[in-house]
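Dear colleague,

Here is the structure I promised to hand over, with the sequence alongside. Please have it open while you read the notes that follow.

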Amino acid sequence: MDLLEVMKRFPDQEACIAHLEKIRWGDTPSCTHCGSTDIVKKKEAGIGRVGRWNCHDCKASFKVTCGTVFHGAKIPLQKWFMAICLILNAKKSLSSCQLARDLDLNQKTAWRMETCIRAEMTKKGGALLKGIIEVDETYIGGKPRKANKKEDRKPSKRGRGTDKTAVIGAVQRGGKVVAQVATELTGRVIYNFIKKHVNTADSELITDEFQAYLTIGKEMKHQIINHQEQYAEGEKHTNTIEGFWRLLKRAWYGSHHHFSVAYTPLYVAEGCYKYNYRHIDNIFAKFISESMKLTKERST
């Protein structure tokens with residue numbers, strides 16, 4: 001779904017609320033606190049009061065957004081919907097400054113909205129990979145500023161041993177990808193990552209020559225491509241996961257230019273989410289639908 005269609009289908013707060021109520025409750029609205037269906041909608045004006053309900057059993061007041069990514073939102077839901085659409089359709093991600101300009105928002109407000117949306121994407125990363133699995137690691141971050149004097153300049157450290165943020169990932173050929181920030185890239189960390197996200201009994205692992213992969217290689221079929229000699233040998237390569245790394249780094253270089261280590265997992269989750277559902281025609285509808293499926297209700 002593109003931005004024009006979002007604006008057409010959801011022209012105001014009432015249309016957005018009605019859509020969320022249909023997704024969450026269907027034809028049977030219920031209290032988000034006690035689950036009672038003995039509820040009544042309030043007839044009040046004001047953007048913050050639209051869609052508010054009262055429960056006759058627990059006496060609570062609530063909205064359909066209670067406990068969701070839209071919980072307590074002061075910004076109109078139409079702008080939230082447009083923000084989700086813009087982020088999902090941005091192949092190289094979207095900076096908060098750009099979102100603020102597009103939606104006429106304060107930059108800090110746009111950043112908070114993006115953070116909430118990306119945090120929602122982190123909840124959809126539980127895929128168990130199976131088949132031919134490529135595993136690799138990458139490093140995200142900028143190059144160190146060069147010294148003023150030429151004689152003091154040293155070449156920037158690249159690859160393993162750099163001060164950049166390490167990210168490890170695994171991709172199933174023709175399938176999904178999982179990736180996460182790694183505090184260290186030891187054999188134990190890599191072993192636990194692969195055991196968590198890969199069906200080792202029915203999969204074949206392909207990695208580069210990094211020795212930390214040898215630990216997990218003892219428990220499953222493991223092929224090694226030596227990048228010192230060649231990058232591909234028939235079907236033995238890690239080009240798929242490296243293609244994902246290129247997308248992730250293009251977002252860093254092209255849109256954000258910098259993000260802190262603390263928030264790097266959110267940007268990685270965004271990259272994984274958009275990669276995993278790249279073949280879905282209406283990823284916007286999928287995101288909204290999944291965001292309304294709750295595991296725990298919160299109070300308004």
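**Aromatic pairs**

The structure holds 15 aromatic pairs, and I should say at once that the model is a predicted one. A pair of aromatic rings is described by the distance of the centres and the angle of the planes, and I give both values for two of the pairs here.

One of them is formed by Trp 252 and Tyr 253, whose rings meet edge-to-face, with 5.0 Å from centre to centre and 80° between the planes. Trp 252 is buried, because its relative accessible area of 9% falls under the 20% that sets the limit for that class. Tyr 253, at 34% relative accessibility, counts as partly exposed.

Another edge-to-face pair is made by Tyr 273 and Phe 287, with the centres 5.9 Å apart and the planes at 85° to each other. Tyr 273 belongs to helix α9 (residues 264-276) and Phe 287 to helix α10 (residues 283-291), so this pair ties together parts that lie 14 residues apart in sequence. Both Tyr 273 and Phe 287 are buried.

Two further aromatic features may be of use to you when you look at the side chains. Phe 10, Phe 70, Trp 80, Phe 81 and Phe 284 form one aromatic cluster. In addition, Arg 278 lies over the face of Tyr 275, at a distance of 4.0 Å from the ring centre.

**The sheet of five strands and its helices**

An open sheet of 5 strands runs in the order β6-β5-β4-β7-β8, and its pairing is mixed. At its edges are β6 (177-181) and β8 (221-224), each of which pairs on one side only, and from one strand to the next the twist averages 25°. Strand β5 (residues 165-172) runs antiparallel to β6 and is joined to β6 by 5 bridges, and Gly 169 stands opposite Ala 179 in β6.

Two helices that pack on this sheet are worth following in the model. Helix α8 (residues 239-256) touches β4 (129-140), β5 and β6, and the direction of α8 makes about 40° with that of β4. Helix α9 also packs on the sheet, where α9 touches β5 and β6, and its direction makes about 175° with that of β6. Helix α9 is also the helix that holds Tyr 273, the residue paired edge-to-face with Phe 287.

**The sheet of three strands**

There is also an open sheet of 3 strands, in the order β1-β2-β3, with antiparallel pairing. The edge strands here are β1 (39-41) and β3 (61-63), and each pairs on one side only; the twist averages 35° from one strand to the next. Between β1 and strand β2 (residues 52-55) the antiparallel pairing extends over 3 bridges, and Val 40 stands opposite Asn 54 in β2.

**The chain as a whole**

The protein chain contains 10 helices and 10 strands, and of its 300 residues 46% count as buried. If one takes the contacts between residues at least 6 apart in sequence, 63% of them join residues at least 24 apart. The accessible surface of the protein chain comes to about 16300 Å², and 49% of that surface belongs to carbon and sulfur atoms.

With best regards

Conventions. Residues are numbered from 1 along each chain as its sequence is written. This is a predicted model: local features need pLDDT of at least 70, side-chain atom pairs count only at pLDDT 80 or more; totals for chains, interfaces and linings use all residues. Side-chain values use heavy atoms; hydrogens and water are left out. Rings of Phe, Tyr and Trp (its six-membered ring) pair if their centres lie within 6.5 Å; planes under 30 degrees apart count as stacked, over 60 as edge-to-face and the rest as tilted. Buried means under 20% relative accessible area, exposed over 50%, partly exposed in between (1.4 Å probe, protein chains only). Helices (H or I, at least four residues) and strands (E, at least two) are DSSP runs, numbered from the N terminus. A charge sits over a ring if NZ of Lys or CZ of Arg is within 6 Å of the ring centre and within 35 degrees of the ring normal. Two strands pair if DSSP finds at least two bridges between them. Axes are lines fitted to C-alpha atoms, for helices over the stretch in contact, and angles run from 0 to 180 degrees between N-to-C directions. Contact means heavy atoms within 4.5 Å. Accessible areas come from the Shrake-Rupley method with a 1.4 Å probe; for residues, only the protein chains shown count as cover.
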